[in-house]
Each structure stands twice: as structure tokens, then as C-alpha cells.
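I opened the notebook to write down what I looked up, one topic at a time. The entries follow the order in which I went through the model.

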Amino acid sequence: VRTGHPEATELRLRHVAGTYHWFEVVGVDLRTDPNIGGVVLNAREVGDRKQAEERLVLSEARFKALVQHSTDLVVVIDSHGRVRYASPSVSEVQGEEPEELLERMAEDVFRESGVDWHHALRTAVAEDGGAARVLEFGFRNSDGEWRNIETTVTDLRNERAVGGFVLNARDITDRKKMEQRLRFQATHDELTGLANRSLVLDELDGILSRNHGATTVAAIFLDLDDFKDVNDSLGHAVGDQLLVMMADRIRSMLSFGDMAARIGGDEFLVVLERGHGERDITDLCDQLLTTIASPYEIDGRQLSVSASAGIAFDHDRTATGEILLRNADTAMYRSKRGGKHTTTVFEPFMHTASFDRLELRADLAVALDDDQFVAHYQPIVDLATGRITGTEALVRWNHPRRGLLGPNVFIPLAEETGQIGRLGHWVLERACTDMAAWRSGLGAAADHLTMSVNLSVQQLHDDGLVPAVLEVLDRTGVPADRLVLEITESTLITDTDKIRDRMEQLRALGLRLAIDDFGTGYSSLGYIQQFAFDVLKIDRTFVDGLERFTNQRIVTAVIELAKELGVRTVAEGIEQELHAELLRDLGCTLGQGYLYSRPVPAAEFAELLVGPLGAAVAAPSV
């Protein structure tokens, strides 16, 4: 203690009980004072204050340790919105070092966030007496990246260790992206990126609910024709590429506000709202079909497919999205049955037809098991003599309630339901069985006869086809060279290598191959040489109206080129003697059609063989 200069010091004293106490002591030197004669110590206990100071130091150390090593962002902002502290983790999100952010305004640090920081901080104070408040915002960091932040704002201005608003923030950019992906996946088709059924129906319901006749609302249902053939022959990978390319073409045709969706395997829905009426929409639908039908190039291969369309308009102003979709679907199936690659506008009467179709699908499932199918046979004649040289087997459905149904009614259903392969095998077996019976019972009148049977594309891609054909021929005793298997021209656009291999396997059995409906698909005479066909069947569309010069030139060219390739020609759909004469003059040797006979049951065909058309012949066979 310096004389005359009292100073304070702090002492920690141990109590007799063993505990320590802090005292602040001021010593005064009064040794010269005769009344005192010593040093006076004035002491007061300061333990509470020391503990508070220790807690503060500890709190600051703990805060610093936690913040320095936290993956979350911790930013302290003063009442004016100025950054007073930023934790090290801020550099990973913001792109700048913490020191570079000090004294900068929050608006400058969190660029383009759209947050009114003064309002946000005032709100944090006003709400719940300054309790923590959660705030979510996005901002662009110094690298130009957009980041999403979720932060808790806490008013700690009265805390000596903090002295400001604390933003305890977390970078949720990845989480937000994942949420967006999940929302997109829930409402969009994963393959094409188009809207899915759920989203397009919600959108359609919204349009219908707010539309009061001021605009025309329509749903266009698009379905690829024979897409299953593409998947079966070229594989699903090629089919998927085709769908993606088709989706891109549909997108390119739409205007702002239109919506396209993939609602099934090869099914698409387009929702339109137009102020110009129905004609504008039907014109757009026709353009869509034309665009879709343009060739696609996939893996160096050109592929051509078409689509059928159905349009449903909101005529009664009471339809829901589901109803409009159903109506468009119904109209689309009318297009399929009408020849495909066409557009049909829904009419109320089509509901009845739609119910009939569903009923037929159910009936078809048991028709084979119940032996409801029958085979009819149409003669193929020598045009020079009019004598029968062969026949084509044509299937009919003897429906228990509807009577005899032609193939145009049930073949599309058989293809859709996957029963076409089983039905095709039944026709082959029935035809060869009847052929064997004619050869056995009629002798020479049937010995020269050939039997033509149609093959579907599904059968051609079935590895069990060749063994099945061989088994039927062996069991029935029909010579292989008497069997002609007909393949439609459109089949050839699929997997040419696989089809060529299958046809070579069939040819190795000794039978013959014909290309049916020639001229109606996408092929050319080059296919005849490439696949080594024996017979070319000229489609009825060229025979009908053969008196016209244009048709004559087409048929002449086909016949002459076929002759050069050593391929026989058979004209289909001959109904007039004039057409038969013209075909003979043009060099066509064989034909079939109602001029000679409509398709008839096996017993009636046997009568034809022993009648005038089948008199002892030495005519060329098919």
C-alpha cells in the first residue's frame, strides 16, 4: 500500500468451511495516525460479480467455439442492418471470406433476396417479445449462384456477448432442388418431361371451371398407330426414343397456354383453349398428325409411324376434365377403326359404340376357348382361264349374340389385347386341316391348290412361330410348297434383320411368302428383293378404278418390275369384269375378288373346287 494513495485489489480467501470467496480490498496506510497506527483494509465481497464475469467469458468462449466450427451460417446484424459478425462457414455459401462482409449492409451481402431487412428485423422485435422468427429466402452469392437459405432471426442486442440480431442460417439449396424434383416427378412424365395425367386433368378442370363460353376448350387424344410393333421388333429403347422425339414435335406445335401430356404408353393428350372456334383446333390437330408422321431417324435407321386422334369439345359447359378425356379417347378409337392416321370429333352417339367395344373385348377373351371362330375361304383364280389355283383363309367370328362378324371388327381388338398370336395360330391350323380334307376327299381337284394364310407382326417376332408351322404341316400332311404365308407391307418397317431371319427360317421349310396390301404402306419394290418374296398382292385401292390412266400406269409398273424380279402378282378386290380384262392385258396372271366369289365356309369352297371354277386344271398356282 502506497502511503496516501489507496488502491483496490481483489483477493480470493478460503473460508474455514473450505469454500472460496472473492473480496475487493482497498488498503489505506494510517500507520502515522496515532488513533489507528496501522493499515486499514476496507473489504467487500464481490463473488456474484466475479461469477457473472466468469460466466460471460465462458459464454463468449463457448459461442466462439460453437460458431467457428458450425456448418450453419451465423451472422450478426446490428439494428441498422449492418453485418457485425459472420462465421467461417459463410464463405462456402456466400463465396467471400467473413472479414469481407463486416460492416456491409445485409442487402449487399444477400443480393437479390427480395427481403426488406429493416422490416424483417423490426418484426423479429415486435413478434412474441423478440422470440426467434424463421425466415426463408433465396439470394445470389458472389459467384453468381442462386442459393436458398432458411434462417432463424433472434434479437440478442441486449446480450453483451452478441449485441445484435443473430441470423442462424442453413443452406437448403439442395433440399429445395430435391423438393422441386419430387414435385416435378409427381406431376410430369419421367420419359418425355410432359405433364402427366394427374396434372393435365387438374389444368383441364381449372380451365373448364372458369370458362363460361367465352372460349372454345378442347381435349385432343393422340395415340400412335401400331406402336407395339415398334417395341416388339426394335426394342423398348428405340420405342422410348421415338416417344421422346414425338413429344418434342408436339411441344413445337403448341402455343403459350396450351398443355401437352403423356397419359399412357403411347397415348398423349393436348389441352387447348382458343377464341377462334373449333375449326382452328381441328386444323391444328391435322397439323399435329402430319408432323408426327414425318420420318424419325433413330440409330441410323429411318422409322415412320402415324397417329390417330380424337377431339372432344366442351359443348355443354358442364363436362369435367375426366369426361372430356373419356370423350376424346372414344373419338380416337373411332379414328383407329376408320383406317388410322385420321381425326374424329366426338359425338354423343359414340358412347354406345364405346360400350359395345368394351363388351366385345370381354367377349373376345373367351371366344377362342368357346370355339366361336370360323374360317372362310376366297378363291384365287387364273385371270386367263378363271379357274381356281389357290385360296386365302379369312377368319370370321361367329358371335353368339351379334352373329357373323368380319375381321375389321375384332382383329384390332385382338391386337390390342395380345390375342392376335393365338388367333393367328388357330387360323393356320384350321386352314391346313381343311386343306388336308380337300386333298383327301377331292383328289385332283385340290392337289394343285395353294393355301394363303396371313401372319401378324406379333407372330413374326415369336420365336415359336417356325416350330409351330412345321408341327401343323407335319400333323395335317399338307406339303410345305402348298402353303403361302402373307405378310402385310407395313410389317416390313420394323426390325428388318429379325424379320429377314424369320422369313429365311420359314422359307427353309419349303413354303412360299407373299407381301400383302402392296402399295399402302411405306415400303417399295426393293423389299421384294431384299426379303425374297415369291408373291406380290396388288392392293384393291389400285384395282378399284383401274380404268383411270393413272392407276393403270401404277399397276403396270408394279407388274413389270415384279416380273423382272421373278415374283408373281395377285390382284386383290376384283369386282368388275372390266377390271379383270384390264389386269390380263397389263400382264397380271392371278386375282381374287367378289367377281369370282366372296369368302365362303369350307364346305362351300369344296363345292367351288368341283364346279366350273375348279374344273380339271393345269393352271399356274400362286
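**Entry: Lys-176.** I started with one side chain and asked: is Lys-176 buried or exposed? Lys-176 has a relative accessibility of 18%, and because the cut-off for buried is under 20%, Lys-176 counts as buried. I found Lys-176 in helix H6. Leaving aside residues up to four places away in sequence, Lys-176 touches Glu-136 and Asn-148. I also looked up the spacing to Arg-147: the two residues are 29 apart in sequence, and their C-alpha atoms are 9.5 Å apart in space.

**Entry: confidence.** I noted that this is a predicted model, so I checked the confidence before going further. The average pLDDT of the protein chain is 83, and 87% of the residues score at least 70. Which element has the lowest mean pLDDT, and which the highest? Helix H19 (residues 526–531) is lowest with 62, and strand E16 (residues 373–382) is highest with 96. Over residues 616–620 the pLDDT falls below 50, although the model gives this stretch twelve contacts beyond near neighbours in sequence. I wrote myself a reminder that predicted coordinates should not be read in detail where pLDDT is low.

**Entry: the whole chain.** I counted 23 helices and 25 strands in the protein chain. The chain has 622 residues, and 46% of them count as buried. For contacts with a separation of 6 or more, I looked up how many join residues 24 or more positions apart; the share is 60%.

**Entry: the sheet beside H6.** I went back to helix H6, which spans residues 173–187. H6 lies across E6, strand E7 (146–156) and E8, and runs at about 125 degrees to E7. In what order do the strands of this open sheet come? The order is E5-E4-E8-E7-E6, five strands with antiparallel pairing. At the edges are strand E5 (83–86) and strand E6 (133–140), each of which pairs on one side only. From one strand to the next the twist averages 30 degrees. I then picked one pair inside the sheet: strand E4 (residues 73–77) and strand E8 (residues 164–171) are antiparallel, joined over five bridges. Val-76 stands opposite Val-166 in E8.

**Entry: strands around E20.** Next I looked for parallel pairing. Strand E19 (residues 450–455) pairs with E20 in the parallel sense over five bridges, and Asn-454 stands opposite Glu-486 in E20. E20 also pairs with strand E21 (residues 512–518), again parallel and over five bridges. Here the bridge partner of Thr-488 is Asp-516 in E21. How many of the six residues of E20 are buried? Five are, and strand E20 (residues 483–488) is mostly covered. I added the general point that strands of a sheet pair through backbone hydrogen bonds, either parallel or antiparallel.

**Entry: H7 against H11.** I looked at two helices, H7 (residues 197–210) and H11 (residues 321–337), whose axes come within 8 Å and cross at roughly 110 degrees. H7 is therefore roughly perpendicular to H11. H7 makes the contact with Arg-197, Leu-201, Leu-204, Asp-205 and Leu-208, and H11 with Gly-321, Glu-322, Leu-324 and Leu-325. I sorted the contact residues of H7 with H11 by type: five are nonpolar, one is polar and three are charged.

**Entry: H8.** Helix H8 (residues 227–234) is mostly covered, with six of its eight residues buried. Which residues of H8 are buried? They are Phe-227, Asp-229, Val-230, Asn-231, Ser-233 and Leu-234. These buried residues pack against strand E9 (216–224), helix H9 (236–253), strand E13 (301–303) and helix H16 (457–460). Just after H8, I noted that Gly-235 takes a positive phi of about 100 degrees.

**Entry: Val-555.** My last lookup was Val-555, which lies in helix H21 (residues 549–564). Val-555 has a relative accessible area of 1%, so Val-555 is buried. What does Val-555 touch, not counting residues up to four places away in sequence? I listed Ile-538, Phe-542, Leu-546, Leu-583 and Leu-586. Val-555 and Asp-539 are 16 residues apart in sequence, and 9.7 Å apart in space from C-alpha to C-alpha.

How values were computed: Residues numbered from 1 in each chain as written. Predicted model: local features only at pLDDT ≥ 70, side-chain atom pairs only at ≥ 80, totals over all residues. Heavy atoms only, no water. pLDDT = per-residue confidence, 0-100. Helix = DSSP H or I, 4+ residues; strand = E, 2+ residues; numbered from the N terminus. Contact = heavy atoms within 4.5 Å. Axes fitted to C-alpha atoms, helices over the stretch in contact; angles between N-to-C directions. Parallel < 35°, antiparallel > 145°, perpendicular 65-115°, else oblique. Nonpolar A, V, L, I, M, F, W, Y, C, P; charged D, E, K, R; others polar. Pairing = 2+ DSSP bridges. Buried < 20%, exposed > 50% of the residue type's maximum accessible area, 1.4 Å probe, protein only.
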